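Please look through the sequence and the structure below before reading on. The paragraphs that follow begin with a single helix, then turn to a pair of helices, and end with the question of confidence.

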Amino acid sequence: MSSTPEHRSGFASFVGRPNAGKSTLTNALVGSKVVITSSKPQTTRTVVRGIVHRPDAQLILVDTPGLHRPRTLLGERLNDLVKTTLAEVDVVAVCFPANEKVGPGDRFIVSEMAKIKRTTKVAIATKTDLATPEQIGQHLLDIQALGADLGIEWAEIVPVSAQAGDQVSLLEDLLVGLLPEGPQLYPDGELSDAPEEAIVAELVREAALVGVRDELPHSIAVVVDEMGLREGRDEDKPLLDIYAVVYVERDSQKGIMIGKKGSRLRKVGIDARVQIEALLGTPVYLDLRVKIAKDWQRDPRQLRKLGF
């Protein structure tokens, strides 16, 4: 009998209301920024896989958009994407922010989870750094009660704070323990299987979301038109040229996005470039333009063009 320890590999997905801390948790576990985080709800629009490498396991984190009651064609497509993804992963971890009471939005999500029979379900009380020990204790009881009420038996209920780093490694161990035995699925050192262009577009969109008013976040989409190393430069002085377009839905939004004398767009470019350079480890020249794609969230043709 071989004495080599077993290797586990598989997929886990964080779900929860928009802004429940799913993306921050994914980045904390992967140890690098693979998913955009923002105080604006509904910032995740694509399924990004962050990869946690360990000698004994490979945990692939699937970050899905927040499940919500859809109001647009984009919203419906995002919800469909979530449900398909969740039926295919090994573990679904539902995130409940500890600084907010368990409410109707959580009940909606857990009732949707109850329909997915075979997948193991874990509950995570996130953002524990924002709650008192008494609040956290009550929160854990409420999560337990909600599961019991809707016919879900949680495999684990874990309080964590991704911001403070509390219990993140414990959560990692628990998730790994729930994965099936299996070989490594991705090469060492790979942190995400999202194409670099997709991650760059997301980082530009994250920078564009900072400080915008309520209706604008949903109207912003970013497409990278061109990305490549500039020719004719020394190997030790590379420069990555990125040409990207920020799409909005209306003229008035274009004005907001560009700002007075282009000041806002310049700031977005500077902030995004810092993040992209940190991720890719290469100096970047970033060219941003703003264009209008009228009412794209409701138009199937525009949605396809923008990659949804």
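In this predicted model, helix H6 runs over residues 196-209, and its 14 residues reach 20 Å from the first C-alpha to the last, which is close to the 20 Å expected at 1.5 Å a residue. Is H6 mostly enclosed or open to its surroundings? Since a residue is called buried when its relative accessible area is under 20%, we can go by the number of such residues: 11 of the 14 residues of H6 are buried, so this helix is largely enclosed by the rest of the structure. Among the buried residues are Ile-199, Val-200 and Leu-203, but also Glu-202, Arg-205 and Glu-206. The elements that cover the buried residues of H6 include the strands S7 (221-229), S8 (240-248) and S9 (284-292), together with the helices H7 (251-258) and H8 (263-280).

Elsewhere in the chain, helix H1 (residues 22-30) packs against helix H5 (residues 168-177) at an angle of about 85°, with their axes 10 Å apart. Angles of 65 to 115 degrees count as roughly perpendicular, and H1 and H5 are therefore roughly perpendicular to each other. From H1, Leu-25, Ala-28 and Leu-29 meet Val-168, Leu-171 and Glu-172 of H5, and the residues of this contact divide into five nonpolar, no polar and one charged.

How far the model can be trusted is a separate matter. The mean pLDDT of the protein chain is 83, and 84% of its residues reach 70 or more, whereas over residues 38-45 the pLDDT stays under 50, although the model has 39 contacts beyond four places in sequence for them. Where pLDDT is low, the predicted coordinates should not be read in detail.

Definitions and conventions. Residues are numbered from 1 along each chain as its sequence is written. This is a predicted model: local features need pLDDT of at least 70, side-chain atom pairs count only at pLDDT 80 or more; totals for chains, interfaces and linings use all residues. Side-chain values use heavy atoms; hydrogens and water are left out. pLDDT is the predictor's confidence in each residue, from 0 to 100. Contact means heavy atoms within 4.5 Å. Axes are lines fitted to C-alpha atoms, for helices over the stretch in contact, and angles run from 0 to 180 degrees between N-to-C directions. Helices (H or I, at least four residues) and strands (E, at least two) are DSSP runs, numbered from the N terminus. Angles under 35 degrees count as roughly parallel, over 145 as roughly antiparallel, 65 to 115 as roughly perpendicular and the rest as oblique. Ala, Val, Leu, Ile, Met, Phe, Trp, Tyr, Cys and Pro count as nonpolar, Asp, Glu, Lys and Arg as charged, and the others, Gly among them, as polar. The expected span of a helix is 1.5 Å times one less than its number of residues. Buried means under 20% relative accessible area, exposed over 50%, partly exposed in between (1.4 Å probe, protein chains only).
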